[in-house]
Amino acid sequence: MSRENGSAGPLLEVQEVRKYFPVKEGLLQRTVRHVKAVDGVDLTIEEGETLGLVGESGCGKTTLGRMIVRVFPPTSGSILFREGDQQHDLTQLYGAELKAVRRHMQMIFQDPFSSLNPRMTALETIGEPLLIHGLAKGRDLEDRVAEMMEAVGLKVEHLRRYPHSFSGGQRQRLGIARALILHPSLVVCDEPVSALDVSVQAQVINLLQDLQRDMQLTYLFVAHDLSVVRHISDRVAVMYVGKVVEVAATGTMMGRPLHPYTEALLSAVPRPDPHKESQRILMEGEIPDPSQPPPGCIFHTRCRYREEICTEDEPELIEHEPGHYARCHFAQSLTLQGVDAPIEEAATP
Ligand code: SF4
């Protein structure tokens, strides 16, 4: 189902999205509880921006990214995607309608080694989406693939090579070329540099930034590492056990986090000033089981600032200053440690 919108709004609006996976037990495989992988997430992404989505392994960030490009549907909630002056609720689209909209949303995968078909040449790998959508074939398809290979820094003479003959960084460039050949407006980058050598990571990040500028792309950049995200993101959303716990402009969050979990993640980020001592915050305990989350604040089992109310009342995600949201009872009273000076202070001579 699609509806006329009239005024241009965010490119993507995620509203109260949940994804619960059933846990089955016993001979009859009865559902005994649900893993709440994503539990009531609201997010917006403006056209042309990069939103970093960060959290530890298992926090739900990859599940959310995959629901956005409809690899699988959410259990509930809406995912509104704007295409020109039309807004589509992706959760209500199926078949040909979904295929038509998905052309504008693509995904770059974490592992370039397993996300490419080893039996397909670079030409077939990058050109396949054009064939699937009936947009090009023959000489025209080959020309468009060659153009995209050049755009991502691959040699056109390698058009008929197979993935195994490319290096790790080149394979990720193949994956990027495949994702961008349809000229999407939104790209979900799912940990696109985590599997690469450190020396290659910066090259791929720079390439993604250049392509964003040249092709007017909007990114959702999923990562577990804030030090990667800070270089590419305009804003950052932090997830913990299926919930967003903080959202802010990147500079604001780096300088003045409002949630203790963000503070702990930031403590692992290398300091810009090597003389400034880094005080790594070691979080106690394990991440809670998302099928049996604790009562009260989801982070209270590992939080060094918890008080009695934290074990009883669940905090809401509240806007504490323009554009800066945090889910903590004490967001206003705690003074948490960032890695850089907040933007306003940095701008003061
Ligand atoms: Fe920590 Fe309490 Fe804030 Fe949760 S609500 S993050 S337990 S201080």
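Q: Exposed means over 50% relative accessible area, and buried means under 20%. What is the relative accessible area of Gln 216?

A: A word first: this is a predicted model. Gln 216 has a relative accessible area of 59%, so it is exposed. Its place in the chain is the loop between α6 (198-215) and β9 (218-223).

Q: What is the phi of Gln 216?

A: Start with the general idea. Most residues other than glycine have a negative phi. Gln 216 is not a glycine, yet its phi is positive, near 50°.

Q: Which loop holds Arg 70, and is Arg 70 buried or exposed?

A: Look between α1 and β5: Arg 70 sits in that loop. Its relative accessibility is 10%, so it counts as buried. Now check the backbone. Arg 70 takes a positive phi of about 60°, although it is not a glycine. Reading along the chain, you meet Arg 70 after α1.

Q: How many residues of α1 are buried?

A: The general idea for a helix comes first. An α-helix has 3.6 residues a turn, so residues three or four places apart point the same way. Now the case here. Helix α1 covers residues 61-68, and 6 of its 8 residues are buried. That makes α1 mostly covered. The buried ones are Lys 61, Thr 63, Leu 64, Gly 65, Met 67 and Ile 68.

Q: Is Val 156 buried, exposed or partly exposed?

A: Between the two cut-offs, a residue is partly exposed. Val 156 has 28% relative accessibility, so it falls in that class. Find it in the loop between α4 (138-151) and α5.

Q: How far apart in space are Val 156 and Gly 296?

A: Sequence distance and spatial distance are separate readings, so take both from C-alpha to C-alpha where space is concerned. Val 156 and Gly 296 lie 56 Å apart in space, C-alpha to C-alpha. In sequence, 140 residues separate them.

Q: In which sense do β5 and β6 pair?

A: Look for three things in a hairpin: the sense of the pairing, the partners and the turn. Strand β5 (residues 76-83) and strand β6 (residues 86-89) pair in the antiparallel sense, over 4 bridges. Phe 81 has His 88 in β6 as its bridge partner. The hairpin has 2 residues between its strands, and Gly 84 takes a positive phi there, near 65°.

Q: How many residues lie between the strands in the hairpin of β10 and β11?

A: This hairpin has 2 residues between the strands. Here Val 241 takes the positive phi, near 45°. The pairing of β10 (residues 235-240) with β11 is antiparallel and runs over 6 bridges. Tyr 240 faces Lys 243 of β11.

Q: Why is β11 largely enclosed?

A: Count its buried residues. Strand β11 spans residues 243-249, and 6 of its 7 residues are buried, so the rest of the structure largely encloses it. β11 also pairs with strand β13 (residues 324-326). That pairing is antiparallel and has 2 bridges. Val 247 stands opposite Tyr 325 of β13.

Q: What is the volume of the largest pocket?

A: Its volume is about 420 Å³. Of the 20 residues that line this pocket, Arg 102, Gln 106, Met 107, Phe 109 and Arg 178 are the closest to its centre. Next, ask which elements build the wall. At least two lining residues come from each of α2 (95-102), β7 (105-108), α3 (122-132) and α5 (168-180). The lining divides into 11 nonpolar, 5 polar and 4 charged residues.

Q: How much space lies in the largest cavity?

A: About 100 Å³. Of its 15 lining residues, Pro 260, Cys 297, Cys 303, Cys 310 and Cys 328 are the closest to the centre. By chemical class, the lining has 10 nonpolar, 3 polar and 2 charged residues.

Q: What takes the space of the largest cavity?

A: The ligand does. Residues around the ligand include His 259, Pro 260, Cys 297, Phe 299, His 300 and Cys 303. Tyr 305, Arg 306, Cys 310, Cys 328, His 329 and Phe 330 also belong to this shell. The shell divides into 8 nonpolar, 3 polar and 1 charged.

Technical notes
Residues numbered from 1 in each chain as written. Predicted model: local features only at pLDDT ≥ 70, side-chain atom pairs only at ≥ 80, totals over all residues. Heavy atoms only, no water. Buried < 20%, exposed > 50% of the residue type's maximum accessible area, 1.4 Å probe, protein only. Pairing = 2+ DSSP bridges. Near = heavy atom within 4 Å. 1 Å grid on protein atoms, 1.4 Å probe; cavity = no way out; pocket = protein on both sides within 12 Å on 5 of 7 lines; lining within 4 Å. Sits in = over half its atoms within 2 Å of the grid points. Nonpolar A, V, L, I, M, F, W, Y, C, P; charged D, E, K, R; others polar. Points joined across faces, edges and corners; volume = space filled by probe spheres on them.
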